[in-house]
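Me: I am new to this structure and would like a close look at a single part of it. Please choose one sheet, explain how its strands are arranged, and then follow some of the residues and contacts that belong to the picture.

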Amino acid sequence: MRYDAVVVGAGPAGSMAAYEIASAGHSVLMLEKHSRPGIPVCCAEGVGSRGLDKLIKPRPEWISAVINRVRVIAPDGSHTTVTLSGGGYVLDRKKFDYDLAGRAVEAGGRLECGTIGLNLTGHNNHFDTINIQRSSGGSEKIEARIFIAADGVESRIARMAGMDTLVELDEVETLLEYRLENITVSPDLIEFYVGNKVAPKGYLWVFPKSGSSANIGIGIITDGARGDDAMRLLDTFVDQHYPGGVVTEKMGGLTPKYRSKGQFRLGNLLVAGDAARALDSLTGAGIVNAMMSGRYAGLAAVEYLSGRIGHIDDIDRFYPGCFLEEKDEELSRYRRLKNMYTRLEDDDFIDIVKALKIHFAENSTDGINAGKLLARIIKTRPRLIRLVRYIL
């Protein structure tokens, strides 16, 4: 069997890439290891509305909750609430991912679920065949001119192709999340709890799915000894804040830090989404970044397949070039902020929350100026200047 392109992974990155390739009239096969796109959900499902709206018009059935407010709670219980009218969504990823993959199929792509991409074969980083294994039994060799790996943080395809995908323990957060039902939450408010007792070197989140359900999770830096701590800390929080809640789903995962341009391409293998570490290192947000990187990878593949790129190395200016031009500065800044964040003490969190409360009482949330905000924090809490070197 032969296609113009093979995309491994039918999440947001893979589906966006496959859609662009199919829409340009090229044949594309999309492989999904699970029985259907969108399961299991390994995500808090939160996304900024501005970023999503730029990429695709959201369907009402994709949105579980529209977010108008964000609250940060300090270790002493003090908090600040920022109003961002319609600033975010909590998605229904099962429907969202399924429909994104369906959009690629409607454009002409082919989707195979229950199929794993095992490895690529070729010479000198020019790959021509992918070996696949079907859960129903049987294997096959698929030929293609270009390949896109969008198979998540672990990216088997990138690793087997020869990319260094290993992540140091201090470069990754361990995530654990519960879907909690039978509780009462504000359906337009997301909450972040910070501090080294509630979530050391990380944070705990409450993302509403409705007025009676929420995704409640924790992300902490893994150092080889805290794997059990994530569950203990999350259980303690749930018992204290939502004693009548019923856990209906549990999910876990890893969030590595952004690696800049280091993991986006190897020959005619383009890597997108979490597989490329294209995510916000501070919050772990990755849906929009995955969609954007997948879209640019798909558009770059179209340039190559259409013969408008003479040598494969020239594809860099399209991918990751276009993606990095738009996102590298932002994602690098979040990585530096994460370096500072992991050094904050509880007293620092308390001071920062107080400073944020003052700032947003005097300033609009439209077009937040990070430099002005940081200057305000340092001015009101001079001792925090010791942390500035970590973000320069």
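Reply: Before the sheet can be described, one term has to be settled: two strands count as paired if DSSP finds at least two bridges between them. The model itself is a predicted one, and everything that follows should be read with that in mind.

The part I have chosen is an open sheet of eight strands, whose order is β3-β5-β4-β12-β13-β14-β11-β15, and in which the pairing is mixed. At its edges stand β3 and β15, the latter covering 246–256, and each of these two pairs on one side only. If direction is ignored, neighbouring strands of the sheet are turned against each other by 30° on average. As general background, the strands of a sheet pair through backbone hydrogen bonds, and they may do so in either the parallel or the antiparallel sense.

It is easiest to start at the β3 edge and walk inwards. Strand β3, residues 46–48, is joined to strand β5, residues 79–91, by three bridges, and the two run antiparallel; within this pairing, V47 has Y89 of β5 as its bridge partner. The next step in the order leads from β5 to β4, and here nine bridges hold an antiparallel pair together, with R71 standing opposite T81 in β5. These two strands also form a hairpin with five residues between them, and in its turn G77 has a positive phi of about 90°. On the following step the sense of the pairing changes, for β4 and strand β12, residues 189–193, pair in the parallel sense over five bridges, and R69 stands opposite L189 in β12.

Further along the order come β13 and β14, and the loop between β13 (203–208) and β14 (213–221) contains K209. Is this lysine, K209, buried or exposed? Its relative accessibility is 11%, and because the limit for a buried residue is under 20%, K209 counts as buried. The side chain of K209 is joined to that of S64 by a polar contact of 3.0 Å. Leaving aside the neighbours within four places in sequence, the residues in contact with K209 are E45, S64, V90, L91, D92, R179, A214 and N215.

Strand β11, residues 172–181, brings in a second charged residue worth following, E177. With a relative accessible area of 3%, E177 is also buried, because that value lies under 20%. Where does its side chain find a polar partner? The side chain of E177 makes a polar contact with the side chain of W205, at 2.8 Å. Apart from neighbours within four places in sequence, E177 has a list of contacts that includes C43, A44, W205, N215, I216 and G217, and also L234, E249, K250 and M251. By contrast, T83 stands 94 residues from E177 in sequence, and the two are 25 Å apart in space, C-alpha to C-alpha.

The tryptophan that E177 reaches leads on to a group of rings. W205 forms an aromatic pair with Y203 that is tilted, with 5.6 Å from centre to centre and 55° between the planes, and both Y203 and W205 are buried. These two rings belong, together with F192 and F207, to one aromatic cluster. Read together, the polar contact between E177 and W205 and the cluster that holds W205 make this tryptophan a useful place to pause when looking at the model.

One further ring pair starts just ahead of β4. Its two members are W62, in the loop between α2 (49–55) and β4 (63–73), and F96, in helix α3 (residues 93–106), so that the pair links distant parts of the chain, 34 residues apart. The rings of W62 and F96 meet edge-to-face, at 5.1 Å centre to centre and with 85° between their planes, and W62 and F96 are both buried. In total, the model has nine aromatic pairs.

To retrace the path, the walk began at β3, an edge strand, crossed the antiparallel pairing of β4 and β5 and the parallel pairing of β4 and β12, and then turned to two buried charged residues, K209 and E177.

Methods:
Residues numbered from 1 in each chain as written. Predicted model: local features only at pLDDT ≥ 70, side-chain atom pairs only at ≥ 80, totals over all residues. Heavy atoms only, no water. Phe/Tyr/Trp six-rings, centres within 6.5 Å; stacked < 30°, edge-to-face > 60°. Helix = DSSP H or I, 4+ residues; strand = E, 2+ residues; numbered from the N terminus. Buried < 20%, exposed > 50% of the residue type's maximum accessible area, 1.4 Å probe, protein only. Contact = heavy atoms within 4.5 Å. Polar contact = N/O pair within 3.5 Å; in protein donor to acceptor, adjacent residues only side chain to side chain. Axes fitted to C-alpha atoms, helices over the stretch in contact; angles between N-to-C directions.
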